[in-house]
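Reader: I am new to this structure and would like a close look at a single part of it, followed by an account of how that part sits among the rest. Please take your time and connect the pieces as you go.

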Amino acid sequence: MEYRKLPKGEEKIGVLGIGLGGIQNAPAEEIETVVRKAIANGINYFDACGGGASIYEPFGKAIKGQRDKVYFQLHFGAVYNEKGEYGWSRDLNRIKETLDWELKALGTDYIDFGFLHCIDEDADFEQIKTNGIFDYALNLKKIGVIHHLGFSSHTPSVANKILDEGVFDMMMFSINPAYDMEQGDEYGKGSIGERRALFQRCEAEGVGISVMKPFFAGQLLGESTSPFKKELSRAQCIQYSLDRPAVMTVLPGVRNLADLDELLKYLTASAEEKDYSIIGEFTPELTQGTCVYCNHCQPCPMGIDIGLINKYYDLSLAGDKMAHNHYDKISVKAGACIACGHCEGRCPFKVKQEQRMRQIVAYFGK
């Protein structure tokens, strides 16, 4: 397991996490087994939203005695009816009641990441601010019940307005090739440029991203359901999300122990199995000439990490002041390029890397 440090915190988060939104139909014993096995395999980040009320007690049993090994997201706005079915609400009193019940069921007195839930429209955020939910969350963070404040959204323009508040450490966002290439559904909002700029802003401002919907609700995993009419593997989708700026962890949903076992294969997958460069064939008119940091161009005979250098260059252009420092620490810089053409011959996105390397040298001065 690879772990990534939260920019505004000391937490080190595993790149593969778990979403528990689909496991509510499994027996309580299996839910507990899934969580225990996930933790035993290095998974330490969970999202509890979207499932049923039945997941909380077995999840609490699974983390008892090892709470310090686990981080999880709870959402202010995710509520449950008398049947335990998931829904959402903007009623402050109901949110308070739900939170009290969740903490008791989980056997804990603090929340690692408290999220404002599903803010997709400007009106959603205005409502959260006017009815007291935002202030309630801020106060819980002030007194230590919430360690980090976050929010979930599907809309870049709205996410940017939320980030303007300057108080968030994490954003949950839907990321997958279909959404990023404007081939998704109503949840894949924003143009390629808008989404890319949002991720870059998060990187520049130290806001981590936890990824939902990495498989496009499973549609990318089948040729007949994929909008590209070609399937991608779980490993390819996970790696694609992890290579986007600011991403800390990917949270695929699991329904049972078999689903967890499938996800754990990512941890032992080869570089070839994770290689998602085939997406360059899907929508060439949208992706041509843009480095997506897939590293399909490797190996560079001079040892240049081409994807990483491109990422720092793009982030610096987008205003990330730390990107320049990160570039300075790279041992083999863009100036080592000998224009051999190896990378350009392999790049599925037709990026003129030799030209890019010259631009990067001129930009960074090294």
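In which loop is P299 found?

Author: The model is a predicted one, and what follows should be read with that in mind. P299 is found in the loop that runs between α12 (284-287) and α13 (306-317). Within that loop, the peptide bond that joins Q298 to P299 is cis, with an omega of about 5°.

The loop between α12 and α13 is also the place of Y293. Y293 is a residue other than glycine, yet its phi is positive, near 65°. With a relative accessibility of 4%, Y293 counts as buried. A useful comparison is E182, which likewise has a positive phi, of about 60°, without being a glycine. E182 belongs to another setting, the loop between α7 (177-180) and α8 (192-205), and its relative accessible area of 42% makes E182 partly exposed.

Two cysteines, C291 and C297, deserve attention next, and the question they raise is whether sulfur atoms are joined. A disulfide is a covalent bond between the sulfur atoms of two cysteines. A search of the whole structure finds zero disulfides. For C291, the closest cysteine sulfur is that of C297, and because the two sulfurs are 6.7 Å apart, they are too far from each other for a bond. C297 is in no disulfide either, and the cysteine sulfur nearest to it, in C343, is 5.9 Å away. Both cysteines are nevertheless buried, C291 with a relative accessible area of 9% and C297 with a relative accessibility of 8%.

C343 leads on to the nonpolar cores. The largest nonpolar core has 90 residues, and those that touch the most other members are F46, F76, L116 and I209. A second core, separate from that one, has 16 residues, and C343 is included in it together with Y313, L315 and A323. In soluble globular proteins, nonpolar side chains tend to be buried together. As an example from the largest core, F46 is in contact with residues that include I18, L20, V35, F59 and F72, once its neighbours within four places in sequence are left aside.

Y313 of the second core is in turn touched by R356, whose other contacts beyond four places in sequence are N310, D314 and V351. R356 lies in helix α16 (residues 353-364), and with a relative accessible area of 17% R356 is buried.

From I209, one of the residues named for the largest core, the path leads into the sheet. Eight strands form an open sheet, with parallel pairing, in the order β3-β4-β5-β8-β9-β10-β11-β12. At the edges stand β3 (18-19) and β12, and each has a single partner strand, so one side of each is left without a neighbour in the sheet.

Strand β11 (residues 208-212) is largely enclosed by the rest of the structure, because five of its five residues are buried. The side chains of this strand are divided between two directions, with G208, S210 and M212 pointing one way from β11 and I209 and V211 the other way. On one hand β11 pairs with strand β10 (residues 170-174), in the parallel sense and over five bridges, and there F173 stands opposite V211. On the other hand β11 pairs with strand β12 (residues 247-250), again in the parallel sense, over three bridges, and there I209 stands opposite V247. Helix α9 (residues 234-242) completes this picture, since β11, α9 and β12 make a right-handed β-α-β unit.One more loop is worth a look, the one between α4 (122-130) and α5 (133-142), which is the place of N131. At 25% relative accessibility, N131 counts as partly exposed. Although N131 and D91 are 40 residues apart along the chain, their C-alpha atoms are separated by 7.7 Å. Leaving aside neighbours within four places in sequence, the contacts of N131 are with R90 and L92, and the side chain of N131 reaches the backbone oxygen of R90 at 2.6 Å.

Note on methods. Residues numbered from 1 in each chain as written. Predicted model: local features only at pLDDT ≥ 70, side-chain atom pairs only at ≥ 80, totals over all residues. Heavy atoms only, no water. Core = buried A, V, L, I, M, F, W, Y, C linked by side-chain atoms within 4.5 Å. Buried < 20%, exposed > 50% of the residue type's maximum accessible area, 1.4 Å probe, protein only. Contact = heavy atoms within 4.5 Å. Disulfide = S-S within 2.5 Å. Helix = DSSP H or I, 4+ residues; strand = E, 2+ residues; numbered from the N terminus. Pairing = 2+ DSSP bridges. Right-handed = clockwise from strand over helix to strand, strands pointing away. Polar contact = N/O pair within 3.5 Å; in protein donor to acceptor, adjacent residues only side chain to side chain.
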